[in-house]
Amino acid sequence: MAASDREKHVLIISGGSIDAAFARAYIRERQFDMVISADSGMEFCREAELLPDLILGDFDSASPQTLAFFQKECPERIETFPARKDWTDTELAIIKALDAGAGKITVLGGTGTRLDHVMGNIHLLKKALDAGAECVLADAHNRIRMTAGTLKLKKKEQFGKYVSLVPFTSQITGLTLRGFAYNVDNVTLTAGTSLGISNEIQAEEAVIDFQEGILLVMESRD
């Protein structure tokens, strides 16, 4: 599917840590064309009285009571996968979102105490990027996305006080920052350094531009 054909905004509720108040407000303030629950993400969906369009996973971490609830409410929307598989439930959800024509994917519950899952989910941002879609991991303290080109951040829309840039590839060449507290011009940002951590937006619009590489952009608040 061509990137120009991707128009849907798909919400994925995954099984990591979810601040219920934050998630409810985040969903209420935005419009989504499709909602996918990945495994124990259905716990939040049940609590929030949110009926997903698709519920998938091996269901090894969801409670039997919640699984039974959705099996009664919408059995036709449930897709079960074996526990022994090559993909995490969140990756399966992203694949389904891309197959449905997602141009933007927001993942809630993609972070938490399991750092292996957090790192895996960060790597899944590239699956969306390669397909021509934007994917965002969001929680009460962070918004994480990946870019291979110019990104503009408006101060009035910033997620938190801090903006950190972390190379996903071995290096980012020709990096230029404008509108930040710390601006740079045509520098190389190399993996293995903390140089891009904790910048701040100062202008009404900040611009991140670079020539080559893939960059993680993390907006954070305490």
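Setting aside sequence neighbours within four places, Phe70 is in contact with Met42, Cys45, Arg46, Leu50, Leu51, Pro52, Ile55, Pro75 and Ile78. This is a predicted model, and in it Phe70 sits in helix α3, which covers residues 64-73. With a relative accessible area of 1%, Phe70 falls under the 20% cut-off and so counts as buried. One of the partners, Arg46, is 24 residues away from Phe70 in sequence, yet the two C-alpha atoms are 8.2 Å apart in space.

Cys45, another name on the contact list of Phe70, brings up the cysteines. How many disulfides does a search of the whole structure find? It comes back with 0. Cys45 is in no disulfide, and the nearest cysteine sulfur, that of Cys74, is 9.6 Å away. Seen from the other end, Cys74 is in no disulfide either, with the sulfur of Cys45 as its nearest cysteine sulfur at 9.6 Å. Since a disulfide needs the two sulfur atoms within 2.5 Å, that pair doesn't qualify. Cys45 is buried at a relative accessible area of 1%, and Cys74 is buried with a value of 1% as well.

Here are the buried residues of this report with their values.

| Residue | Relative accessible area |
|---|---|
| Phe70 | 1% |
| Cys45 | 1% |
| Cys74 | 1% |
| Asp89 | 13% |

The last row is an aspartate. Is Asp89 buried or exposed? At 13% relative accessibility, Asp89 counts as buried, because the limit for that label is under 20%. Asp89 lies in helix α4, made of residues 89-99. Leaving out neighbours within four places in sequence, Asp89 touches Ala38, Asp39, Leu56, Gly57 and Asp58. With Asp58 there's a polar link to look at: the backbone nitrogen of Asp58 lies 3.4 Å from a polar atom of the Asp89 side chain.

Now for a sheet further along the chain. Four strands form an open sheet in the order β8-β12-β10-β11, and the pairing is antiparallel. Which strands stand at the edges? They are β8 (151-154) and β11 (184-190); each has a single partner strand, so one side of each has no neighbour in the sheet. From one strand to the next, the twist averages 25°.

As background, strands in a sheet pair through backbone hydrogen bonds, in either a parallel or an antiparallel way. Strand β10, residues 171-178, pairs with β11 in the antiparallel sense over 4 bridges. If you want a spot to click on, try Leu177, which stands opposite Val184 in β11.

Key. Residues numbered from 1 in each chain as written. Predicted model: local features only at pLDDT ≥ 70, side-chain atom pairs only at ≥ 80, totals over all residues. Heavy atoms only, no water. Pairing = 2+ DSSP bridges. Helix = DSSP H or I, 4+ residues; strand = E, 2+ residues; numbered from the N terminus. Axes fitted to C-alpha atoms, helices over the stretch in contact; angles between N-to-C directions. Buried < 20%, exposed > 50% of the residue type's maximum accessible area, 1.4 Å probe, protein only. Polar contact = N/O pair within 3.5 Å; in protein donor to acceptor, adjacent residues only side chain to side chain. Contact = heavy atoms within 4.5 Å.
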